[in-house]
Amino acid sequence: MTLSVRNVAVAAALGAALCTALAGCGGGGNSASGSGSGHEAARMGTPGTSTAPSSAAPQAAGSSPAAAPPPAKAPTLAPGPNGLTPVFERAKQQTDKTVALTFDADMTSDQGPRAADGEHFDNPQLIASLRTLKVPSTIFMTGRWAEEYPDQAKAIGTDPNFEIANHSYSHHAFTSPCYGLPSLDAAAARADVDRAFAAFRTAGAVNTVPYFRFPGGCYDDQALRAVSTAKVTAVQWDVVSGDAFAKDPDAVAEQVLSGVKPGSVVVMHCTRSAAPVTEEAVRKIVPELRKRGYRFVKVSELIGK
């Protein structure tokens, strides 16, 4: 993938401001080898001081139900060179004024106590607004989020307005360094993908698609090789919303509106505690893009073009 200079600049600026606070769920969006596109430098992950070796993530290894293939009804890309997992960033058909809003439903494997103490990793009002506005959307969900909010996962995953894609189970990094996230080795990474799909099935979600978004947006060839047998398409983005930890919905809306092009994938969040103004920003973004002639689609429609 070609690295966007604009996105790198955005990621760098936000990284300096946010990386010291949290290790992100989709940080810079850059692979360890320099591939990828920009993203918020820190989102709602574990503190940067909690970085641990791959052995620190036993929840992803050997604890998932028997591996089952991901859903195959949605279009996927052909494998990359040497069978690596293919990566999708923006539709090849770039004259059709379509855009995909994607929302990461983030929760790391160790955030259960914070949820028990009242921290909200969900955002029901955002989902309700997307329904009201009739915006087809793709939700990149961690398995841990589905376990914490099974009723919401089922409601989203049975609503034809939405499709659920895989954002890992534990939200640990698939390559290191990645904004302080604990890292998984290849075997644990593959098991982590399976475990997330299993969590969706357990919750009763049926509108699931064989797409995967790397935690932190961080990947390299080794990570692409580790998940290649999962038969998923890795989905990145070309528009950074800037909604992580934002307090000004107008600024978020402007950043999205200034970046969208035909065929764009926008990355946003579905987590109240870490992205509190996303719903308000969406209510500004949607009518303006429609006024400009854009049509909202799920990622599956963009990939299928």
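## A walk through the strands and a disulfide

At 2% relative accessibility, C218 counts as buried, because buried here means under 20% relative accessible area. Keep that cut-off in mind, and remember as well that you're looking at a predicted model. What is C218 joined to? A disulfide links C218 with C178, with 2.2 Å from S to S. In general terms, a disulfide is a covalent bond between the sulfur atoms of two cysteines. The C178 end is buried too, with a relative accessible area of 2%. If you look for other links of this kind, a search of the whole structure finds one disulfide, and the angle about its S-S bond is 80°, making the link of C178 and C218 right-handed. Where do the two cysteines sit? C178 is in the loop between β4 and α6, while C218 is in the loop between β5 and α7 (221-226), so the pair ties together parts that are 40 residues apart in sequence.

Now let's move to β4 itself. This strand covers residues 162-166, and five of its five residues are buried, so you can call it mostly covered. Try following the side chains along it: F162, I164 and N166 point one way, E163 and A165 point the other way, and all of them are buried.

Who are the partners of β4? One is strand β3 (residues 137-141), which pairs with β4 in the parallel sense over five bridges. To find a spot where they meet, look for I139, which stands opposite I164 in β4. Another partner is strand β5 (residues 208-212), again paired with β4 in the parallel sense, this time over two bridges. Here N166 has F212 of β5 as its bridge partner. To get from β4 to β5, the chain passes through helix α6 (residues 186-203), and this β-α-β crossover is right-handed.

Next, head along the chain to strand β8 (residues 264-269). Is β8 enclosed or open? Six of its six residues are buried, so β8 is largely enclosed by the rest of the structure. Both faces are covered: on one side you'll find S264, V266 and M268, on the other V265, V267 and H269, and every one of these is buried. Take a look at C270 as well: with 1% relative accessibility, this cysteine counts as buried.

Strand β8 has its own pairings. Strand β2 (residues 98-105) runs parallel to β8 and is joined to it by six bridges, with L101 standing opposite V266. Strand β7 (residues 239-240) also runs parallel to β8, joined by two bridges. There, V240 has V267 in β8 as its bridge partner. Between β7 and β8 the chain crosses through helix α8 (residues 249-259), in a β-α-β crossover that is right-handed.

Let's finish at K154, which you'll find in helix α5 (residues 150-157). Is K154 buried or partly exposed? Its relative accessible area is 44%, so K154 is partly exposed. That follows because the value falls between the 20% limit for buried and the 50% limit for exposed. What does K154 touch? Setting aside neighbours within four places in sequence, K154 is in contact with A203, G204 and A205. You can also compare distance along the chain with distance in space: K154 and V206 are 52 residues apart in sequence, and their C-alpha atoms are 7.8 Å apart.

Terms used. Residues numbered from 1 in each chain as written. Predicted model: local features only at pLDDT ≥ 70, side-chain atom pairs only at ≥ 80, totals over all residues. Heavy atoms only, no water. Buried < 20%, exposed > 50% of the residue type's maximum accessible area, 1.4 Å probe, protein only. Helix = DSSP H or I, 4+ residues; strand = E, 2+ residues; numbered from the N terminus. Pairing = 2+ DSSP bridges. Right-handed = clockwise from strand over helix to strand, strands pointing away. Disulfide = S-S within 2.5 Å. Contact = heavy atoms within 4.5 Å.
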